[in-house]
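User: I would like a close look at one part of the model shown here, with the terms spelled out as they come up.

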Amino acid sequence: MSVAVNNMPRTIDLLHMTYAQQSIIGSGGYMPEDVWDVQKIMACGDWDLESIITHEFPLEDLEAAIRTAADVHHCGNVVIQIKP
């Protein structure tokens, strides 16, 4: 499995994918049930989700945040702070 930003080339074993009933989806390919499940997992409190955040930026620094998020060797997850 590969998630988030992953810009390294990957080989795909199509025969294994077929027999294992696996699929490749992008972030726009999730079903509503998948999103609800993730929201439940996040809300349960069993996981330290903040530990995966490596950088935080205010909305004004959006360009720097995107550049940082694209650097997979030095960045985990980026949060954009949107304050009213």
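Where is the place of Gly 45?

Analyst: Gly 45 has its place in the loop between H2 and E1. This is a predicted model, in which local features need pLDDT of at least 70 and side-chain atom pairs count only at pLDDT 80 or more, while totals for chains, interfaces and linings use all residues. Residues are numbered from 1 along each chain as its sequence is written, and side-chain values use heavy atoms, with hydrogens and water left out.

The loop is framed by helix H2 (32-43) and strand E1 (53-58), where helices are DSSP runs of H or I with at least four residues, strands are runs of E with at least two, and both are numbered from the N terminus. Helix H2 has 12 residues and spans 16 Å from its first C-alpha to its last, close to the 16 Å expected at 1.5 Å a residue; that expectation is 1.5 Å times one less than the number of residues. Gly 45 follows H2 and has a positive phi, near 85°. Its relative accessibility of 58% makes Gly 45 exposed, on a scale where buried means under 20% relative accessible area, exposed over 50% and partly exposed in between, with a 1.4 Å probe and protein chains only. Looking back along the chain, the C-alpha atoms of Gly 45 and Asp 34 are 18 Å apart, with their positions 11 residues apart in sequence.

The loop also holds Ile 52, which is partly exposed at a relative accessible area of 46%. Ile 52 belongs to a nonpolar surface patch together with Val 38, Ile 41, Met 42, Trp 47 and Leu 49, and the six have about 600 Å² of accessible area together. Patches take residues with over 30% relative accessible area and no salt bridge, joining like charges within 9 Å and nonpolar side chains (Val, Leu, Ile, Met, Phe, Trp, Tyr) within 5 Å; the areas come from the Shrake-Rupley method with a 1.4 Å probe, and for residues only the protein chains shown count as cover.

The cysteines can be set beside this region: Cys 44 is partly exposed, with a relative accessible area of 40%, whereas Cys 75 is buried at 11%. With a disulfide taken as a pair of cysteine sulfur atoms within 2.5 Å, the count is 0 disulfides.

A second positive phi can be placed alongside that of Gly 45. Gln 21 has a phi near 55°, positive although the residue is not glycine, and most residues other than glycine have a negative phi. Gln 21 sits in the loop between H1 and H2 and is exposed, with a relative accessible area of 74%. Ser 23 is in the loop between H1 and H2, is exposed at 58%, and has its C-alpha 25 Å from that of Ile 52, 29 residues away along the chain.

As for confidence, pLDDT is the predictor's confidence in each residue, from 0 to 100; its mean for the chain is 84, with 90% of residues at 70 or more. Among the elements, E1, which closes this loop, has the highest mean pLDDT at 94, and helix H1 (residues 14-19) the lowest at 88.

Technical notes
A salt bridge is a side-chain nitrogen of Lys or Arg within 4 Å of a carboxyl oxygen of Asp or Glu.
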